[in-house]
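Work through the exercises below with the sequence and the 3D structure at hand. Each task is followed by a worked solution.

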Amino acid sequence: MNRQREYVLGTNDAELERLGFQHRVWSEQAFALWERAGFGSGATLLDVGCGPGFATLDLARLVGPAGRIIAVDESPRFVEHLRERCQRESVGNVDARVGDVQSPDVAAGTVDGAYARWVICFVPRPQDVVAAVARALRPRGVFAIQDYFNYVALALAPRSPILERVVAAIDASWRARAGDPDVVGRLPALCAAHGLRVREIRGHARVARPGSVLWQWPTTFFRNFVPTLVTGGYLSQAELEAFEREWAARSTDPNSFFATPPVYDVIAEKPA
Ligand SMILES: C[S@@+](CC[C@H](N)C(=O)[O-])C[C@H]1O[C@@H](n2cnc3c(N)ncnc32)[C@H](O)[C@@H]1O
């Protein structure tokens, strides 16, 4: 695989663990979205860019033995991890496949629903993902998405110039790999272009306080990702060190808080 095109955050053990933790701190929002989308017992669902499959396993239990999850990710390592977990936990209704979500190998009109969380923001051609899902859905099938819009709105309070510098570097490196941290802003038009009716758009503005479980979400992301911005030439070593000092100080400051990057839910439906 072309390394430039590999998933920007990598597929190593630290990222796998971070994705598991991330799923736990966002699982309440995921389950609530699945419920509003009507995902339930007996459904066949497509998990678009499933990663190591933390949401996939919850979806597999949600649809039960009469349902099925087709889980697609480009990372052979993540897909293998999911397959091993399914075997270990006797989950028999997951079909985990290595593939590109911009051209997944799923028969037309065969799935009741699809879920894509933090995936469309990383692909160069979001329109191809929406087109592929629209094609795979049955009439009245539902596409439920959780992704970013206005990612750069994440902030420390009181404001932190060094965090703002790091966020600008994250944004630049993300876009340089043809990802889009504003991708939810394009989804209504993309859904309309592919015959999907947008039923709901809802935003999550969450606040993490030092010492909370949610505070660990940005902490693990910054720990894994910000050093790679130095390697990539987006940040200097001195800026990295200044940021690490700032984050450590804020992590014990009870008068500080962190506004998470805004995550949006989108529910779109294929007409009957
Ligand atoms: C932030 S992870 C999210 C994983 C999972 N959806 C979740 O919410 O836990 C992004 C995932 O998208 C996958 N990905 C990125 N581009 C892809 C593509 N073009 N085709 C398939 N998977 C892709 C990566 O391999 C990675 O597993």
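The exercises treat two helix pairs and the ligand surroundings of this predicted model.

**Exercise 1.** Determine how H1 and H7 are oriented to each other, and which residues make the contact.

Solution. Start with the geometry: helix H1 (residues 13–37) and helix H7 (residues 216–231) pack at about 160°, and their axes are 10 Å apart. Angles over 145 degrees count as roughly antiparallel. H1 and H7 are therefore roughly antiparallel to each other. Their crossing is left-handed. On H1, the contact is made by Ala14, Glu15, Arg18, Phe21, Gln22, Val25 and Trp26, and on H7 by Gln216, Trp217, Thr220, Phe221 and Asn224. Sorted by class, these residues are 6 nonpolar, 4 polar and 2 charged.

**Exercise 2.** Do the analysis for H5 and H8: what is their relative orientation, and which classes of residue form the contact?

Solution. The axes of H5 (residues 161–176) and H8 (residues 237–250) come within 9 Å and cross at roughly 125°. H5 and H8 are therefore oblique to each other. H5 passes H8 in a left-handed crossing. Ile162, Leu163, Arg165 and Val166 of H5 meet Glu239, Ala242, Phe243 and Glu246 of H8. The contact comprises 5 nonpolar, no polar and 3 charged residues.

**Exercise 3.** Identify the closest residues around the ligand, then find which ligand atoms pair with Gly49, Asp73 and Asp100.

Solution. Of the 18 residues that surround the ligand, the closest are Tyr7, Gly49, Asp73, Val101 and Arg117. Gly49 places a backbone N or O atom 2.7 Å from a ligand nitrogen atom. Asp73 has a polar side-chain atom 2.7 Å from an oxygen atom of the ligand. For Asp100, a polar side-chain atom lies 2.9 Å from a nitrogen atom of the ligand.

Technical notes:
Residues are numbered from 1 along each chain as its sequence is written. This is a predicted model: local features need pLDDT of at least 70, side-chain atom pairs count only at pLDDT 80 or more; totals for chains, interfaces and linings use all residues. Side-chain values use heavy atoms; hydrogens and water are left out. Axes are lines fitted to C-alpha atoms, for helices over the stretch in contact, and angles run from 0 to 180 degrees between N-to-C directions. Helices (H or I, at least four residues) and strands (E, at least two) are DSSP runs, numbered from the N terminus. Angles under 35 degrees count as roughly parallel, over 145 as roughly antiparallel, 65 to 115 as roughly perpendicular and the rest as oblique. A crossing is left-handed if the near helix is turned anticlockwise from the far one by less than a right angle, and right-handed if clockwise. Contact means heavy atoms within 4.5 Å. Ala, Val, Leu, Ile, Met, Phe, Trp, Tyr, Cys and Pro count as nonpolar, Asp, Glu, Lys and Arg as charged, and the others, Gly among them, as polar. A residue is near a molecule or strand if one of its heavy atoms lies within 4 Å of it. A polar contact is a pair of N or O atoms within 3.5 Å; within protein, one must be able to donate a hydrogen and the other to accept it, and residues adjacent in sequence count only if both atoms are side-chain atoms.
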